[in-house]
Amino acid sequence: MTDRAPHPSAAGLAEPLRSRWSPSVYDDAHRLSSTEVETLLRAAQWAPSKGNTQPWAFFVCVPGTHQHDRLVATLSRGNAGWVPRASVVFVTTAQVRESDDPDAPSYSDHALYDVGQAAAHLTLQAGAMGLHAHQFAGFDHDALAEALRVPATHRVLTGIAVGVPGDPADVDERTAARDRRDRARRPLDEWVFGERFGDPFVPAPLADSGA
Ligand SMILES: Cc1cc2nc3c(=O)[nH]c(=O)nc-3n(C[C@H](O)[C@H](O)[C@H](O)COP(=O)(O)O)c2cc1C
């Protein structure tokens with residue numbers, strides 16, 4: 001794909017996990033077909049969710065549409081330079097309440113988890129289709145919820161910008177520099193535990209030997 005991925009520690013992963021990364025320089029001339037957009041949405045549709053509650057609702061923001069204009073108007077300064085160049089942006093929302101009544105019961109205690117998982121599925125489907133996805137939360141959530149008339153049953157969560165990487169020479173240096181930043185991860189021993197929280201996980205010595 002590009003020299004941004006895979007990272008050596010991701011070498012053992014399956015595609016498209018291995019090659020996934022989040023570009024900030026998109027080719028603004030690239031467009032997705034409606035079939036491709038639908039396939040991406042199908043990946044989210046087929047994600048698992050608690051009790052099959054499927055608490056997600058997505059907006060499809062293609063450049064030139066009102067919803068895209070509304071999204072762009074709410075972007076943070078850091079995201080305003082790159083998000084508008086993506087081929088399509090999905091805005092994810094989660095159903096958090098049963099009804100509009102602010103005291104209504106929660107729709108699902110796992111709604112946020114489930115929408116995150118649906119977003120991950122869409123992101124990986126994008127990779128399998130030769131596309132890239134970059135998720136983001138830097139925008140005015142309240143302003144966008146109002147502009148898109150999102151009801152009180154739902155909470156706006158994130159954007160997922162999808163497209164193909166562009167030429168760094170076409171964007172300002174600050175945006176281009178984002179795609180040269182180091183990609184790093186916390187080591188496994190910081191967050192993988194065994195007997196108790198904080199205790200290292202020690203693989204059983206025989207498990208790997210086949211004995
Ligand atoms: C919930 C969420 C919010 C994010 N918000 C932003 C954002 O506002 N702007 C941005 O440039 N990237 C954002 N990102 C992308 C992360 O910064 C990126 O995934 C992380 O640095 C790891 O890089 P990689 O995806 O290339 O491995 C967000 C990612 C997630 C999952």
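Q: How many residues surround the ligand, and which are the closest?
A: In this predicted model, 14 residues surround the ligand. The closest are Ser22, His134, Arg178, Arg183 and Arg185.

Q: How does that shell divide into nonpolar, polar and charged?
A: There are 4 nonpolar, 6 polar and 4 charged residues in the shell.

Q: Which strand gives the most to the shell?
A: Strand 3, residues 132–136. Its share is 3 residues.

Q: What lies 2.7 Å from an oxygen atom of the ligand?
A: An N or O atom in the side chain of arginine 185. For arginine 20, a side-chain N or O atom is 2.9 Å from a ligand oxygen. Glycine 138 uses the backbone: one of its N or O atoms there lies 2.9 Å from an oxygen atom of the ligand.

Q: And how much of the ligand does the protein bury?
A: 60% of the 620 Å² that the ligand exposes when taken alone.

Q: Switching to the sheet. What is the strand order?
A: 1-2-4-3, in an open sheet of 4 strands with antiparallel pairing.

Q: Which are the edge strands?
A: Strand 1 (56–61) and strand 3, each pairing on one side only.

Q: How many bridges join strand 1 to strand 2?
A: 6, and the two strands run antiparallel. One pair of bridge partners is phenylalanine 59 and valine 91, the latter in strand 2.

Q: Where does helix 1 pack?
A: Helix 1 (residues 34–45) packs on the sheet and touches strand 1, strand 2 and strand 4 (154–163). Its direction makes about 165 degrees with that of strand 1.

Q: Helix 2, then: which strands is it touching?
A: Helix 2 (residues 66–74) touches strand 1, strand 2 and strand 3. The angle between its direction and that of strand 1 is about 100 degrees.

Conventions. Residues numbered from 1 in each chain as written. Predicted model: local features only at pLDDT ≥ 70, side-chain atom pairs only at ≥ 80, totals over all residues. Heavy atoms only, no water. Near = heavy atom within 4 Å. Polar contact = N/O pair within 3.5 Å; in protein donor to acceptor, adjacent residues only side chain to side chain. Areas by Shrake-Rupley, 256 points an atom, 1.4 Å probe, with all protein chains shown as cover. Nonpolar A, V, L, I, M, F, W, Y, C, P; charged D, E, K, R; others polar. Pairing = 2+ DSSP bridges. Contact = heavy atoms within 4.5 Å. Axes fitted to C-alpha atoms, helices over the stretch in contact; angles between N-to-C directions.
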